[in-house]
Amino acid sequence: MNEKKVFNLWSIVYGLWFDSMDKFIIHKSSLKGTVKISGSKNASLPIMAATLLTDEECVIKNVPDLMDIRTMIKILEVLGKEIKFQRNVLIVKAKKRTSGKEYVAPYKLVRTMRASFCCLGPLLAKRKKASVAFPGGCVIGVRPVDLHLKGLRELGASIVVEKGYCVATTKGLIGKHIYLGGAFGSSVLATANIVMAAVLARGVTLIEHAACEPEIESLVFVLKKMGAQVEGQGTPLIKVLGVKVLGGVTVEIIPDRIEAGTFIAASLATNSPLCIEDINPWHLTSVIETARGMGAQCVVGESSISVNPGGAMKSVNLTTLPYPGFPTDLQAQFMVCLCLAEGISLITEKIYPDRFMHVAEINRMGACVRRNGPYSIIEGRDKLYGAEVMASDLRASAALVIAALAAQGKTQVLRVYHIDRGYDKIEDKLRKLGAKIKRVKQ
Ligand code: UD1
């Protein structure tokens with residue numbers, strides 16, 4: 001068979017495979033009621049990696065049941081852990097029998113989820129060696145791991161790249177003053193990786209330009225409960241005093257601020273009053289301020305927020321930034337709201353300049369968005385119209401679901417496996433609020 005025929009055959013198989021995946025069929029909906037937010041995916045993943053730092057039992061509560069969590073469970077099993085996951089409680093123990101090879105995180109698992117790269121720091125600190133597949137590219141743009149490698153090398157790791165794997169070894173990590181700023185500011189998972197390596201290193205580690213995200217604060221909270229000595233979490237300067245050994249822990253995962261923000265966006269786009277519960281409003285200040293800027297009334301409680309959009313939305317200019325700035329993980333969802341706001345809005349993407357894959361799909365629904373490099377100019381329209389659209393990544397798929405709920409008529413959102421990576425029972429939660437959404441299994 002010649003190359004062209006092989007390519008055509010491959011395209012057909014690939015197309016059939018995609019066509020065979022779940023899709024959502026969504027009709028324009030008004031939402032009403034209360035929604036409870038699940039535990040945070042992005043807080044759970046590094047905390048799960050942190051269990052590699054101890055041989056004792058760890059119990060993690062309020063873990064969302066998601067594809068990414070299931071993938072991390074598989075990785076930890078390969079790395080010598082025995083895991084039970086039931087009703088959002090994860091119990092992690094060391095396997096009784098090991099083969100001595102439990103330091104390799106294979107590509108077939110790592111490639112589906114970049115967060116698995118943060119097993120590198122704890123493996124290196126506890127077992128003195130680690131071999132973790134490079135996660136590779138991503139649809140939201142180039143996502144390098146140079147800061148992870150820089151930090152670990154400064155702590156005394158020797159790192160080589162072998163057959164697509166990052167192979168790291170050390171005779172013992174030693175505390176250091178590390179500057180962790182990159183071209184796009186701080187890095188969440190690099191900070192997590194370096195803190196987890198430093199907690200078992202000899203001496204003091206200072207991490208300058210550390211990420212301040214709540215997920216880092218929650219990771220440090222867990223590490224401290226395990227016996228680590230860390231100060232400064234939630235600020236750009238984290239100080240770690242290494243200890244010899246860490247113990248087991250029982251903890252609860254913080255609420256998912258991105259899921260909460262997604263429901264705020266759904267409320268705005270569909271002009272529906274919603275009460276969003278089981279959240280930490282402190283983690284959502286930039287998002288709540290943006291919603292208020294667009295004209296919504298937001299009443300903030302201790303662990304809830306009531307959003308009342310109250311009619312026509314106003315345009316705003318929005319810039320994604322590291323925490324406490326507006327999160328890049330909510331950019332796509334808020335773009336949909338701005339597509340329906342009065343006037344012209346500007347979105348500046350400062351974390352992932354290429355994270356605009358959703359623009360073409362939203363435009364297919366009648367929106368008017370023009371992308372220019374890291375900027376998108378949005379001309380508000382009265383209406384969006386149902387269409388067949390394709391989800392390109394996790395947050396983009398949430399944005400398309402919101403657009404579909406707001407659009408006239410029927411929308412089909414294809415490739416919803418992306419949304420299953422990061423939203424726990426999204427269609428059930430939406431349906432309870434009155435959304436006309438149906439998952440079609442093919
Ligand atoms: C985490 C979140 C992700 C979110 C992102 C930014 C998890 C599991 N994922 O990803 O949902 O979108 O934070 O808030 O928590 N960078 C480098 N070199 C590096 C690492 C990162 O240049 O070694 C750059 C990235 O390309 C990006 C910026 O730094 O431009 C921030 O990325 P980073 O904070 O590392 O994202 P993640 O931690 O991978």
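This is a short walk through a predicted model, from its ligand site out to a few local details of the backbone.

Okay, let's start with the ligand. The shell around the ligand has 19 residues, and the closest are Asp-146, Leu-147, Ser-187, Asp-329 and Ile-351. If you sort that shell by class, you get ten nonpolar, five polar and four charged residues.

Now the polar side of it. Ser-187 puts a side-chain N or O atom 2.5 Å from an oxygen atom of the ligand. With Asp-329, a polar side-chain atom sits 2.6 Å from a ligand oxygen. Leu-189 joins in through its backbone instead: an N or O atom there is 2.8 Å from an oxygen atom of the ligand. How much of the ligand does the protein bury? On its own the ligand exposes 740 Å², and the protein buries 90% of that.

Which elements give two or more residues to this shell? Those are α6, residues 146-154, and α7, residues 188-198. The largest share comes from α6, with three residues.

And where does the ligand lie with respect to the domains? Domain 1 covers 22-37 plus 255-440, and domain 2 covers 41-252; both give residues to the shell, so the ligand lies between them.

While we're at α6, have a look at what comes after it. Ala-157 is in the loop between α6 and β8, the strand at 158-162. Ala-157 has 9% relative accessibility, so it counts as buried, the cut-off being under 20%. Its C-alpha is 9.1 Å from that of Ile-174, which is 17 residues away along the chain.

Next, helix α2, residues 41-50. Is this helix enclosed or open? Nine of its ten residues are buried, so α2 is largely enclosed by the rest of the structure. The buried set includes Lys-41, along with Ser-44, Leu-45, Pro-46, Ile-47 and Met-48. At the N-terminal end, α2 is capped by Ser-40, with a side-chain oxygen 3.3 Å from the backbone nitrogen of Asn-42.

A bit further along there's Val-63, in the loop between β3 (58-61) and α3 (67-78). Val-63 is a loop residue, yet it is buried, at 0% relative accessibility. Val-63 and Phe-85 are 22 residues apart in sequence, and their C-alpha atoms are 8.9 Å apart in space.

Cysteines, quickly. How many disulfides does the model have? The count is zero. Take Cys-212, which is in no disulfide: the nearest cysteine sulfur belongs to Cys-118 and is 18 Å away. Cys-339 is in no disulfide either, and there the nearest sulfur, from Cys-368, is 8.5 Å off. A disulfide here needs the two sulfur atoms within 2.5 Å, so 8.5 Å rules that pair out. Both of these cysteines are buried, Cys-212 at 16% relative accessibility and Cys-339 at 0%.

On to the backbone oddities. There's a cis peptide bond between Tyr-323 and Pro-324, with omega at about 10°. You'll find Pro-324 in the loop between β18 (317-320) and α11 (331-339).

Then two residues with positive phi that aren't glycines. One is Asn-88, with phi of about 65°. Asn-88 sits in the loop between β4 (81-86) and β5 (89-94), and it is partly exposed, with a relative accessible area of 28%. The other is Arg-415, at about 60°, in the loop between β23 (410-414) and α14.

If you carry on past α14, you get to Asp-424. Asp-424 is in the loop between α14, residues 417-420, and α15, residues 426-432. Buried or exposed? Asp-424 is buried, with a relative accessible area of 6%. Its side chain makes a polar contact with the side chain of Lys-425, at 3.2 Å.

So, if you open the model yourselves, begin at the ligand between domain 1 and domain 2, then swing round to α2 and its Ser-40 cap, and finish at the cis bond joining Tyr-323 and Pro-324. That's it from me.

How values were computed: Residues numbered from 1 in each chain as written. Predicted model: local features only at pLDDT ≥ 70, side-chain atom pairs only at ≥ 80, totals over all residues. Heavy atoms only, no water. Near = heavy atom within 4 Å. Polar contact = N/O pair within 3.5 Å; in protein donor to acceptor, adjacent residues only side chain to side chain. Areas by Shrake-Rupley, 256 points an atom, 1.4 Å probe, with all protein chains shown as cover. Helix = DSSP H or I, 4+ residues; strand = E, 2+ residues; numbered from the N terminus. Nonpolar A, V, L, I, M, F, W, Y, C, P; charged D, E, K, R; others polar. Domains from an automatic or database assignment. Buried < 20%, exposed > 50% of the residue type's maximum accessible area, 1.4 Å probe, protein only.
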